[in-house]
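Biologist: Let's go through this one together, question by question. I'll ask, and you answer with the reasoning first and the result last.

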Amino acid sequence: MGRGWHGRGRGWQQTEVPSADDAAGWFEGRLPDGWFTGAPEVTVDREEILIVGELPPLTGEQSDDAARAAAEAGRISRFREETREARIEIARQAEHRYQRKVAWGARLGGTEELFTTLAAPVMTRLRQPERLVLDTLVDAGVARSRSDALAWAVRLVGQHADSWLGELRDAMSKVDDLRTKGPELG
């Protein structure tokens, strides 16, 4: 089970949220046939479930890359409008089941768009050397604020450490499995 923070009376209290280990299967079974060309990519964290699916390919010929990108964006926009009510109902069911917000996205060719994703606040304390890094990014115009600079740095680390983070997640999953089994007493 994951943990979440929820207001209760005075202050905030950490609470258990249901496991979403079966979310990919649940969405694959729940989504209407024909929305996506295959099973959607389902990404889960403590606050949000993101579903991104590949749309059927375009059938017409485009004159250049700009025309193709515009056609892909138009098809994604059409998908978003035509499926809005059904996506809201599916999200409502999933939010009740998993106690997390649900966001959607679609991919077509080289274009991917995410719809109304959650931006969760994160509080941290930084010493002067770390604050100076953020301030340099702000002063250089890379970010508008320390908050933006920190988000930029996290994205950069995520891009460059993707395989390492994947290995770390796999190892954590194995630890969770062992913890669930418990010791065998002879």
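What follows is a chat about the sheet, a charged side chain in it, the salt bridges and some backbone angles.

Biologist: Before we start, what pLDDT do local features need here?

Modeller: Residues are numbered from 1 along each chain as its sequence is written, and side-chain values use heavy atoms, leaving out hydrogens and water. This is a predicted model, where totals for chains, interfaces and linings use all residues and side-chain atom pairs count only at pLDDT 80 or more, while local features need a pLDDT of at least 70.

Biologist: Good. In what order do the four strands of the open sheet come?

Modeller: Helices (H or I, at least four residues) and strands (E, at least two) are DSSP runs numbered from the N terminus, and two strands pair if DSSP finds at least two bridges between them. The edge strands, pairing on one side only, are β3 (41-44) and β6 (111-115). The pairing is mixed, and the order is β3-β4-β5-β6.

Biologist: How many bridges join β5 to β6?

Modeller: On one side, β5 (residues 101-108) pairs with β4 in the parallel sense over seven bridges. With β6 the sense is antiparallel, and Ala106 stands opposite Glu113 there. The count for β5 and β6 is five.

Biologist: Is β5 largely enclosed or largely open?

Modeller: Take buried as under 20% relative accessible area, exposed as over 50% and partly exposed as in between, with a 1.4 Å probe and protein chains only. Six of the eight residues of β5 are buried, so the rest of the structure leaves β5 largely enclosed.

Biologist: And what angle does the direction of α3 make with that of β5?

Modeller: Axes are lines fitted to C-alpha atoms, for helices over the stretch in contact, and angles run from 0 to 180 degrees between N-to-C directions. Contact means heavy atoms within 4.5 Å. Helix α3 (residues 84-98) packs on the sheet and touches β4, β5 and β6. Its direction and that of β5 make an angle of about 135°.

Biologist: Glu48 caught my eye. Which side chain of opposite charge is nearest to Glu48?

Modeller: Glu48 sits in strand β4 (residues 48-54), opposite Lys101 in β5. Lys and Arg count as positive, Asp and Glu as negative, with His and the chain ends not counted; a salt bridge needs a side-chain nitrogen of Lys or Arg within 4 Å of a carboxyl oxygen of Asp or Glu. Glu48 is buried and has no salt bridge. At 9.8 Å, the nearest side chain of opposite charge is that of Arg100.

Biologist: Then which residue has its backbone nitrogen 2.7 Å from a polar atom of the Glu48 side chain?

Modeller: Not counting residues up to four places away in sequence, Glu48 touches several residues, including Thr43, Ala103 and Thr117. The backbone nitrogen 2.7 Å from a polar atom of its side chain belongs to Leu118.

Biologist: Now the salt bridges. Which residue forms a salt bridge with Asp22?

Modeller: The structure holds eleven salt bridges. For Asp22, the closest N and O atoms of the pair are 2.8 Å apart. The two are 75 residues apart, with Asp22 in the loop between β2 (12-17) and α1 (23-30) and its partner in helix α3. That partner is Arg97.

Biologist: Which three residues are joined into one network by salt bridges that share partners?

Modeller: Start with Arg107 and Glu41, whose side chains meet in a salt bridge (3.2 Å, N to O). Arg107 in strand β5 and Glu41 in strand β3 are 66 residues apart. At 21% relative accessibility, Arg107 counts as partly exposed. The full network is Glu41, Arg107 and Glu112.

Biologist: In helix α2, Arg68 and Glu72 pair up too. Is Glu72 buried or exposed?

Modeller: The two lie four residues apart in α2, about one turn of the helix, and their salt bridge has an N to O distance of 3.6 Å. Arg68 is partly exposed, with a relative accessible area of 37%. Glu72, at 5% relative accessibility, counts as buried.

Biologist: Last one, on the backbone: what phi does Thr116 have?

Modeller: Most residues other than glycine have a negative phi. Gln99, in the loop between α3 and β5, has a positive phi of about 55°. Thr116, in the loop between β6 and α4 (128-139), counts as exposed at 62% relative accessibility. Its phi is also positive, near 40°.

Methods
A polar contact is a pair of N or O atoms within 3.5 Å; within protein, one must be able to donate a hydrogen and the other to accept it, and residues adjacent in sequence count only if both atoms are side-chain atoms.
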